[in-house]
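This report describes how the helices and strands of a single model are arranged. The model is a predicted one.

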Amino acid sequence: MDIDQSVQEAAIFLDAYTHELQGFSPTGDLADARLEFEDAYKDEGGVLVLVFAIRPNENPDEPSAEVLALAQQSCDALIEAFPALASVTIEYEFLC
């Protein structure tokens, strides 16, 4: 799978995946979402970057271990759905 196709597949999958899980909300309410998918893009080095929005009380520059674990869970689900992505370098970005 080429990087441009990877970006498209990641965006479609992660948007649906995080929405289905209600943003990993502990209450099931989207207002309590801990992690929401925002964007996927190819950076200048050809890396697939996944962008997640996190709660305002989190520091996007130093996300908590919980946030990192939820991002990794999302990435693992993405790779499970699209095994060809296992050969692509994936990084995360976070924003509030």
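## Packing of the two helices

Helices H1 and H2 are oblique to each other. The angle at which H1 (residues 3-20) and H2 (residues 65-81) pack is about 120°, and their axes are 10 Å apart. This value leads to the oblique class because an angle counts as roughly perpendicular from 65 to 115 degrees and as roughly antiparallel over 145. The crossing in which H1 passes H2 is right-handed.

On the H1 side, the contact is made by Glu-9, Ala-10, Phe-13, Leu-14, Tyr-17 and Thr-18. Their counterparts in H2 are Gln-73, Ser-74, Ala-77, Leu-78 and Ala-81. Of the residues in this contact, seven are nonpolar, three are polar and one is charged.

## An aromatic pair within H1

Phe-13 and Tyr-17, both part of the contact with H2, also form a pair with each other. Across the whole structure, a search finds seven aromatic pairs. In the pair of Phe-13 and Tyr-17, the ring centres are 5.6 Å apart and the planes stand at 15°, so the two rings are stacked. The two residues lie four positions apart in helix H1, which means that about one helical turn separates them.

## The three-stranded sheet

The sheet is open and consists of three strands in the order E1-E2-E3, with mixed pairing. Strands E1 (35-42) and E3 (90-95) occupy the edges; each has a single partner strand, so one side of each lacks a neighbour in the sheet. On average, and with direction ignored, neighbouring strands are turned by 25° against each other.

Strand E2 covers residues 48-54 and pairs with E1 in the antiparallel sense over seven bridges. Among the bridge partners, Leu-35 is matched with Ile-54 of E2, and Lys-42 is matched with Leu-48 of E2. The hairpin formed by E1 and E2 has five residues between the strands. Within this hairpin, Gly-46 adopts a positive phi near 80°.

## Helices against the sheet

Both helices lie across strands of the sheet. H1 lies across E1 and E2, and its direction is at about 170° to E1. H2 lies across E1, E2 and E3, running at about 135° to E3. Strands E1 and E2 are thus crossed by H1 and by H2, and these helices also pack on each other at about 120°.

Definitions and conventions:
Residues numbered from 1 in each chain as written. Predicted model: local features only at pLDDT ≥ 70, side-chain atom pairs only at ≥ 80, totals over all residues. Heavy atoms only, no water. Axes fitted to C-alpha atoms, helices over the stretch in contact; angles between N-to-C directions. Parallel < 35°, antiparallel > 145°, perpendicular 65-115°, else oblique. Left-handed = near helix turned anticlockwise from the far one by under 90°. Contact = heavy atoms within 4.5 Å. Nonpolar A, V, L, I, M, F, W, Y, C, P; charged D, E, K, R; others polar. Pairing = 2+ DSSP bridges. Phe/Tyr/Trp six-rings, centres within 6.5 Å; stacked < 30°, edge-to-face > 60°.
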